[in-house]
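Trainee: I am new to this structure. Please take one part and walk me through it closely.

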Amino acid sequence: MTPMTAESESPDGPVSAGTGRPVRLSLTRRAARPARHLADLSRDERRQVAVSLGQPAFRADQVSRHYFARLVDADETDAMTDLPEDARGPLLEALLPRLLVPARTLSCDDGLTRKTAWRTADGALLESVIMRYPDRATVCVSSQAGCGMGCPFCATGQGGLTRNLSTAEIVEQVVHAARVLRRRELAGGEGRLSNVVFMGMGEPLANYTAVTAALRRLIAPPPEGLGLSARGLTVSTVGLVPAMRRLAGEGLPVTLAVSLHAPDDELRDELVPINTRWPVAEVLAAAWEYAEVTGRRVSIEYALIDGVNDDVARADALATLLSGRLAHVNLIPLNPTEGSSWQASAPAGQRAFVRRLRERGIATTVRDTRGREIAAACGQLAAEPAGRARRLEAAKPVEAAKPVEAAKPVESAKPVEAAGAASGSSAHGSRVLR
C-alpha cells in the first residue's frame, strides 16, 4: 500500500490525530525528497561535503558566499572565478542543485508586484510574490505546495495539500527575490530585500522543522545565511497551538501573525476548520505567551467578509479579547477567489469595524492589498490551472518569464494561506483606513 501523508504536523504529532475533535485535512501521496542543497545544511555540514569531494573545506564557504552574499545563480559558473574550473561542476552539483523552475511570471502595479509560479523537481507547484514599496521590499513565500487547513475563503486551502517544502526550497524563494531586486529586474531600480512574510501557500507551522531552519538561514550572516534582520520576518499561522508555544522558545525574534478571522468559536469553526481542534481561547493564550517570551507584538489577521464576520458586535467581541494585550489587528478586505460567493466588506462596513476597534483602544490597520489582478493577493495563491493563467496573462502580459526546458504548463494544484501586502508602515504591508 502506498504510504499517505499530510506532512502537516504540529511538533507533537499530526494535527488530525490524538484527543480532541477531528479535523479533516487533505492527504496526498508522499513525494520524493528534494535534492540536498547547501541551504539545507549547516556550515560544518557543507564543509564536510566539500572534503568528501576531495576539495578543501573552505571551498564550501566560497560556494555559500556566491549564493548568499553575491546572489549568484548556480548556472552562472563563469562568475565563480575563485573556484578551480575542474572543481566547479562537482561542488555545484553537490551544493547548488536546481530545486525550483519558474513556470510563469506575472506582474502588476506598474511592475512593482511580481508573482512567480514555481515547479519543483517532482512536479509540485507553488507561488511567491515580490512587492516593492518606496521604503522597503517584501517577498511573500510559500512553506508548502498547497495547504491542508481547508479554510473555505482561501484559494490554496480549497485545493488541498501536495507536500511540505524543504528548507532550501523555502530559502530559494527568498534568495531569488533578493537577486531580482539587486539586479534591477523589478520596477524602481536596484533595491534590497528587507522583509519576508511566510504568508504564501501553506501553513508554516505545519512544516515546523523546515520553516524554523529556513528562518535561521535567513538571519545568519554570510556565508552561513542571507543576513536579514529577524525583525523583518513574519510567520503566519491559523493557530497550531503546540507549534506556537514551541516557536516562542526558539530564540527567533520574528513577528507572529495569527489568522483569526472570527472572535467566536461558532463562526471560526466554519472559517478556520482547525479551530475545532484548538479553539479561539487556546490560540490566543498561545499568542500571548509568544508575546511575553519574545517581546514582539502579535499581529491578528482578520479577513473582512461581507455579512459574515464584519458586524460591529464582532468588532466589540474582538476588542474584548485583545484589550490590554501586545497585539494589533490587521484587517484584510476579502480578495475574490474562484468557487467562492463571499465578498469583501463594503467600505462603510470596513470603516465601522475599524472605528469600533479603535474606540476600544485596539491598534488597527487595513491591508491595502497588492496583486489582486494577477491573483497574487492575500488568499488568492493557487498555482492556477492553465485556463485561468491564460485569462490573467491576457489582462497583464507575462513579465520576463523564461520558460525553462522541461517546464510543463502549470497544472491545477491549488495552494495557500495568505499572501500579499500593502503600502504603509507595517512590515507586511498595512495602512490605516482613513
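Mentor: Start with Asn330, which stands opposite Thr365 in strand 16. Strands here are DSSP runs of E with at least two residues, helices are runs of H or I with at least four, and both are numbered from the N terminus. This is a predicted model, in which local features need pLDDT of at least 70 and side-chain atom pairs count only at pLDDT 80 or more, while totals for chains, interfaces and linings use all residues. Residues are numbered from 1 along each chain as its sequence is written, and side-chain values use heavy atoms, with hydrogens and water left out.

Now the pairing around strand 15. Two strands pair if DSSP finds at least two bridges between them. Strand 15 and strand 16 (residues 364-366) pair in the parallel sense, over three bridges. Strand 14 (residues 298-304) also runs parallel to strand 15, and seven bridges join the two. One residue pair to find there is Ala303 with its bridge partner in strand 15, Ile332.

Next, follow the chain between these strands. Strand 14, helix 10 (residues 312-322) and strand 15 form a right-handed β-α-β unit. Right-handed has a set meaning: with the strands pointing away from the viewer, the path from the first strand over the helix to the second runs clockwise.

Look at the side chains next. In a regular strand they alternate between the two faces of the sheet. In strand 15, Ala327, Val329, Leu331 and Pro333 point one way. His328, Asn330 and Ile332 point the other way. Both sets are buried. Buried means under 20% relative accessible area, exposed means over 50%, and partly exposed lies in between, using a 1.4 Å probe and protein chains only.

Why is strand 15 (residues 327-333) described as largely enclosed by the rest of the structure? Seven of its seven residues are buried, so the description follows.

One contrast from elsewhere helps with those words. Glu127 lies in strand 7 (residues 125-132). At 0% relative accessibility, Glu127 counts as buried. Asp135 sits in the loop between strand 7 and strand 8 (137-140). At 58% relative accessibility, Asp135 counts as exposed.

Then come back to strand 15. Strand 14 is joined to it by seven bridges, and strand 16 pairs with it over three. Its residues point two ways, and all are buried.
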